[in-house]
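Please examine the sequence and the three-dimensional structure shown here before reading on. The paragraphs after them are meant to be read with both in view.

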Amino acid sequence: MGFAYLHGADVSPEADDPVRQSYHDTLLLPRLDAAIRRLNPALPSEAVQTVLNRVRDTEFAGDLISENRRIHALLVGGVPVTWFEGGEERNAIARLVDWENGANDWLAVNQFEVVGQTARRPDIVIFLNGMPIIVIELKGTETGTLKGAYNQIETYKAQVPALFRTNAFTVISEGVTARYGSISANLDRFMRWRTVDGENLVEDGTDLALQTLIHGLLAPGTILELVRYCMVYEDEGKGPIKKIAGYHQFHAVRKAVSAVLRARHLDGRGGVMWHTQGSGKSLLMAFLAGRLMRNPELENPTIVVITDRNDLDNQLYATFSRCDALFGETPEQAEDVPDLRRKLDQRKVGGVIFATMQKFRPPKGETGIGELSDRSNVIVFADEAHRSQYGFEAKVNAKTGETRYGFAHHLRQALPNAVHVGFTGTPISLVGADTQAVFGNYIDIYDIAQAVEDGATVPIYYEGRVAKISLGEEAGDLLDAEYEEILEDAEDAGAELDDETRKAMTRKWARVEALVGAGPRLDKVVEDILRHFGARLEAMDGGKGMIVCMSRRICVEVYNRIVAARPDWHSDEDGAGGVKVIMTGAAQDPAEFQPHIRSKARLETLRTRYRDPSDPFKLVIVRDMWLTGFDAPCMHTMYTDKPMKGHGLMQAITRINRVFGAKPAGLVVDYIGLAADLKAALNHYSNADRKQTGIDQGEAVHALLTQLDIMRVMFHGVDYMAAVRGTPQDRIKMLPIAIEHALNLKVDGEVPKDRTESKKRFMKGVAGLVKAFRIASGTLEAEEVKDEVGFFTAVQAAIRKMDAGSGSGRSVDEADLAISQLLNRSVTSTEVVDILKAAGMDRPDISVLSEDFLLGLKNNPHKSLAVEALKKLLNGEIRTRTRTNNAKKEAFSKRLAEALARYHNRSVDALQVIQEMIAIAKALQEEPEDGLSPEEVAFYDALASNASAVELMGNEELRVIATELVLTVRQNARVDWWRRDDVRKKMRVSIRRILRKHGFPPDLQSDAIKKVVQQAEVLAREFS
């Protein structure tokens, strides 16, 4: 694949010809030095050293993402360097990477040992020109999980952050599936890479998934393209977040570049990108813009981004501004046509300029705005390209004879030689055939089904509720295309209507609005929303909701009813309160509107609050704003009480399809009767897309009841329902019985050979139940069974608390589930020790475990529970007592794992394994009583990890050596001593001298020196 390969031992500081001085070093400086000289042959040695220092020296200590951002800028843009030559100052931009990949040094290292707060050994590290840019963590296919691999990466970041200063991305796999993500990504943001060529997709979970990621993503050319064009650091006020293109965005950018180059020499129609809402379309546009601006064939083009609404323009402009490093300059917004003309006239190359489509409307009495630029390297991005905004059509006014053209006509007149690319989240057939006439055919399609399958979005469920109204034929006419084009555009985009048309439309609108906004009806709707939303918040562990109303008046009425029922949700301050109205307005609006009319800055404050999952602002009321271009992943429920159809309807409901934590799906709750319009809109999508959008909530209820039946069959014979319906004390008494039952379930009708299979069956069943409950939450059926579901999750939580790996092994879907809140507080707060007490056992204190404790278990019915509890306690004790002692930790952990393995494969019974665990506990207690300090113990174990050394030397001699080693290392240690090669060499010589003095076997000395030095670096802070 283009990589050289070395084992970790080959790049160890203890190697014969070391490429790094210390285990603390993560850069391979000789390789980096050679690459800088190779790529910049004109640089003198002093300038080369300056460049190397800029990469080597940390500038943002304690802020890994900011440091990673700094290094990324150096990788992409080069390192500015100044030096004096012949008495004159010289300047250059030194390259760290050859983007054509002709002179790069690629190296893959297996088991790369590195020391930070402790010693760590990632599975594979890929180096580019001596810099570690990819860390790969692999887990075994039998017991490993993606969550485990992810947690391992998180541990590396915390304990050896230097390894990630130059990191591009990380890869995790359990042998079958594989994911990649940035250093700031949570597990749910780790993505699949499903293609090698950009056309043929591989199903996730198949044997080819890992191989596809390896050959598709980890090809050197792909890595370079990702680093250069498809990585951004977005900062929305809480520090930078590193974002990387998904495979669909990466390949779409590739295709779009080719399409733009072709269109420049043809008719200017670059094509249409259909990427479903929520899949990262805004970032796709930014990645493409950055790549086009760096393409030499386009001669530093100007990008003009056109939107059809002011709020969408501001949102997209903000996204591009946060990604300005992609373009090398700050984007601009044009205020009006003269300003747009000035901005285009002022530059012949470069620039990213934003403008709304309405700026291309001619002044009254004129037929056009004239030519703005005749350049062919102007590229127009039209976002949300649909019929009313981008048509060529001409309309003749029957009274005046005046001809009015669609915006596309004026856009082409203004920029006659530009290339036009359209972006949409819906199919062309839904938004109108004119889209193709303006932009051409599809460049790339990323539809709903593919996005859900990839985990880029979540499915959308649909639920019809009460208070629907029956619209008459006259009112129904308002919902046609003319209504959508004229009425909403008239209010939001300033479209001009003659007085007669406006009056007629207003009369019709008022009658429908009066029906929808009638007081008694709104009372019922708001009451139902509050009850339903309360159940959703409980089931979804918080999150956000949105209410979509038909008019601003109704928005205000709904707000007033909500705060009357929930006074604590109200606040006059933008920085407080649980519910807000987001709407446009002016000074002449009614007094009751004024508290809800805000400036752009105030609206941005509310946008930031709403997007923060921890902020108490949980419910927003809107008419039109935030229905397009707004992204709040934590929003999971939309209550619609406004007629919508087609493109507008699909845009609105996809606000809730964003991925967020354990959110399994979004839910549209319909009070106005949108089912027919939703069905009509979905007719333009594939069958696969329809299965992921507008799913009948009845299917969710059926899935919930099916999963609950599975759990009931699993617990047949256990009278847990009496406890569920009983007192908190009843539930506490039932928990240990239920846990014991779960740990001893049959699998496929038989007692499993491996006891862990019982636990897996139970955990899998509960995971399915929780997901189904979350999707169905808010229904009467879910309400009726919530306590039963809560009991099963309490059993699950208790087992996880006892599991020594619970901090690293639980899946995202099961992490910190708030479903447990459905149970009485006295149950949900139960810890493992309380369960043991309820089972008739006192809390087992590690320090006083005895034969009496073992005898007390003989007649206890909860032996499996005891094993799990002791496992947790022992693992905690091992971690505590071996915190700075790698060798001892490995030995005790291995001993415990072997004992548990014998138990799980039924070689020993519960009582026998408990006896073994008590023996381990006693051994742990005995360890410190050897008269050695913790540092001496650590060095002793580093030497004693070799059985041959113990046999030949004896324990007492090794203790003497350990004591001398501590003194020697302390004497040689200075601040950052591991960075000084002379000090390290002196330390190795001193260690070797001590070993020889005491007759340590010569053939074991090399390995012993390595382990002692490693242990010294682990304890570096104490020694220096």
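What follows is a guided explanation, from the whole chain to individual sheets, helices and ring pairs.

The model is predicted, so local features need pLDDT of at least 70 and side-chain atom pairs count only at pLDDT 80 or more, while totals for chains, interfaces and linings use all residues. Residues are numbered from 1 along each chain as its sequence is written, and side-chain values use heavy atoms, with hydrogens and water left out.

The chain contains 42 helices and 28 strands; these are DSSP runs numbered from the N terminus, helices being H or I over at least four residues and strands E over at least two. Of its 1024 residues, 56% are buried, where buried means under 20% relative accessible area, exposed over 50%, and partly exposed in between, with a 1.4 Å probe and protein chains only. The chain exposes about 42600 Å², of which carbon and sulfur atoms supply 49%; accessible areas come from the Shrake-Rupley method with a 1.4 Å probe, and for residues only the protein chains shown count as cover. Among contacts between residues at least 6 apart in sequence, 73% join residues at least 24 apart, a contact being heavy atoms within 4.5 Å.

One sheet is built from six strands in the order 1-4-7-8-9-10; it is open, and its pairing is mixed. Two strands pair if DSSP finds at least two bridges between them. Strand 1 (4-7) and strand 10 (178-181) form the edges, each pairing on one side only. From one strand to the next, the twist averages 20 degrees. Within this sheet, strand 7 (residues 124-128) and strand 8 (residues 131-138) pair in the antiparallel sense over five bridges, and Ile124 stands opposite Ile136 in strand 8. Helix 5 (residues 208-216) packs on the sheet and touches strand 9 (169-173) and strand 10, its direction making about 35 degrees with that of strand 10. Such angles run from 0 to 180 degrees between N-to-C directions, and the axes are lines fitted to C-alpha atoms, for helices over the stretch in contact.

A second open sheet has seven strands in the order 15-16-14-17-20-13-21, and here the pairing is parallel. Its edge strands, strand 15 (332-333) and strand 21 (442-446), each pair on one side only. Helix 9 (residues 310-322) packs on this sheet, touching strand 14, strand 15, strand 16 and strand 17 (378-383), and its direction makes about 165 degrees with that of strand 16.

Strand 16 (residues 352-356) pairs with strand 14 (residues 302-307) in the parallel sense over five bridges. Opposite Val304 stands Ile353 of strand 16, and the bridge partner of Ile306 in strand 16 is Ala355. Two bridges join strand 15 to strand 16, which also run parallel, and Gln333 stands opposite Phe354 in strand 16. Because five of the five residues of strand 16 are buried, the strand is largely enclosed by the rest of the structure. Val352, Phe354 and Thr356 point one way from strand 16, whereas Ile353 and Ala355 point the other way.

Two helices show similar enclosure in the burial counts. In helix 6 (residues 220-229), eight of the ten residues are buried, so the helix is largely enclosed by the rest of the structure; Glu225 and Tyr229 are among these buried residues. Helix 7 (residues 247-264) has 14 of its 18 residues buried and is therefore largely enclosed as well. At 1.5 Å a residue, its 18 residues should span 26 Å, and its end C-alpha atoms are 26 Å apart, which agrees; the expected span is 1.5 Å times one less than the number of residues.

The structure holds 25 aromatic pairs. Rings of Phe, Tyr and Trp (its six-membered ring) pair if their centres lie within 6.5 Å; planes under 30 degrees apart count as stacked, over 60 as edge-to-face and the rest as tilted. The rings of Tyr639 and Tyr671 have centres 6.4 Å apart and planes at 35 degrees, so the pair is tilted. Both Tyr639 and Tyr671 are buried.
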